[in-house]
Amino acid sequence: MISQTKIAIPILQEKEEDIINTAQDFVKKGADLLELRIDGIANVNSDIVKNIIESINFPVIATNRSKKEGGFFLGSEKERINILKSCCDLKNVEYIDIELQTDPCLRNFLIDKCREANVKTIISFHDFEKTPSVDYLLKIVNEEKELGDVAKIAVMPRNLEDTINVLAIMSHCDNTIAISMGEIGSYTRVMASKFNAPFTFATGGDVTAPGQIDIETMKLLINMDLMDHDDLLDDI
């Protein structure tokens, strides 16, 4: 059975030409979505982003990570949000990623602009140090789903048990992307398809997160007939 979960490949590069060439390569490799990491673009502004997205001409997730969320954007929060706002009017932008912990006024302003433009939102949460409890993560996901279209959590496991917390979230929540980062959690990226997550992340060459899996391997794994997820989670 062919998985309905789409595969997104992030692009984290500095130069416009390199980004466009890389995007073309990733499309050929079978990506369903491209995540444009705006924060990685040198001397970025709205015009540069517009040119890149129009040149790529393929469905895009627009992401502009702040430093505190593991990104590289050097400008102010208003500048960061305004660049994302400018993406709302671009034809190929399917999703805009908005961090849950963004200042509420700026966050809600951007969410409203996305709704006006009929662009879907991903509300994301990151913890690069630990994996919170299932109850805490459920609270986060419920808050994200109240705000946007897709909930996303990415957390760092300290042991294998932590990764089971992430599976529990996927089993209880629809329209949710739940990732256990690092090598120990890499299998959760594959299991996303077994819980009908809207999409999962792979790499087309440049690794933007620990534990990512290349797209060729991901396509094989997500279409394998693995064990039923209800059996896997009987004891959770």
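User: Let's start with Val-49: which residues does Val-49 touch, leaving out those up to four places away in sequence?

Analyst: In this predicted model, and not counting residues up to four places away in sequence, Val-49 touches Leu-36, Ile-38, Ile-41, Val-44, Ile-83 and Cys-87.

User: And how many residues are in the largest nonpolar core, and which have the most contacts inside it?

Analyst: The largest nonpolar core has 61 residues, and Val-49 belongs to the group with the most contacts inside it, together with Leu-34, Leu-36, Ile-38 and Ile-96.

User: Which helix gives the most to this core?

Analyst: That is helix H2, which spans residues 46-56 and contributes five residues to the core.

User: What lies apart from it?

Analyst: Another core, of 12 residues, lies apart from the one just described, and its members include Leu-33, Ile-61, Met-181 and Phe-201.

User: Switching topic, which residues does UniProt list for "active site"?

Analyst: The UniProt record, which is an unreviewed entry, lists His-126 and Lys-152 under "active site". The two are spread over 27 residues of sequence, yet they cluster in space, with a largest C-alpha distance of 8.5 Å.

User: Take His-126 then. Where does it lie, and is it buried or exposed?

Analyst: His-126 lies in strand E5, which covers residues 120-127. It counts as buried because its relative accessibility is 11%, and the cut-off for buried is under 20%.

User: What does His-126 touch, setting aside residues up to four places away in sequence?

Analyst: With those set aside, His-126 touches Arg-65, Glu-69, Gln-101, Lys-152 and Ala-154, so the list includes the other residue that the UniProt entry names for "active site". For Arg-65 there is also a polar contact of 3.3 Å that joins its side chain to the side chain of His-126.

User: Same for Lys-152: which strand is it in, and what is it in contact with?

Analyst: Lys-152 is placed in strand E6, residues 150-155, and it is buried, with a relative accessible area of 7%. Leaving aside neighbours within four places in sequence, Lys-152 is in contact with Arg-65, Asp-97, Glu-144, Ser-124, Phe-125 and His-126, as well as with Ile-122, Ile-123, Ile-177, Ile-179 and Phe-201.

User: Phe-201 again. How many aromatic pairs are there?

Analyst: The count comes to three aromatic pairs. In one of them, the rings of Tyr-95 and Phe-199 have their centres 5.2 Å apart and their planes at 65°, so this pair is edge-to-face.

User: Which parts does that pair tie together?

Analyst: Tyr-95 lies in strand E4 (residues 93-99) and Phe-199 in strand E8 (residues 199-201), so the pair ties together parts that are 104 residues apart in sequence.

User: And how do the rings of Phe-199 and Phe-201 sit?

Analyst: Their centres are 5.7 Å apart and their planes stand at 80°, so this pair is edge-to-face too. Through ring pairs, Tyr-95, Phe-199 and Phe-201 are linked into a cluster.

User: Are those two Phe residues buried or exposed?

Analyst: Phe-199 is buried, with a relative accessible area of 0%, and Phe-201 is buried as well, at 4%. Tyr-95 is likewise buried.

User: Last one, Thr-22: where does it lie, and what does it touch beyond four places away in sequence?

Analyst: Thr-22 lies in helix H1, residues 16-29, and it is buried, with a relative accessible area of 13%. Not counting residues up to four places away in sequence, Thr-22 touches Ile-11 and Gln-13.

Notes
Residues numbered from 1 in each chain as written. Predicted model: local features only at pLDDT ≥ 70, side-chain atom pairs only at ≥ 80, totals over all residues. Heavy atoms only, no water. Core = buried A, V, L, I, M, F, W, Y, C linked by side-chain atoms within 4.5 Å. Buried < 20%, exposed > 50% of the residue type's maximum accessible area, 1.4 Å probe, protein only. Helix = DSSP H or I, 4+ residues; strand = E, 2+ residues; numbered from the N terminus. Contact = heavy atoms within 4.5 Å. UniProt positions renumbered as here; feature names shortened; annotations may be inferred. Polar contact = N/O pair within 3.5 Å; in protein donor to acceptor, adjacent residues only side chain to side chain. Phe/Tyr/Trp six-rings, centres within 6.5 Å; stacked < 30°, edge-to-face > 60°.
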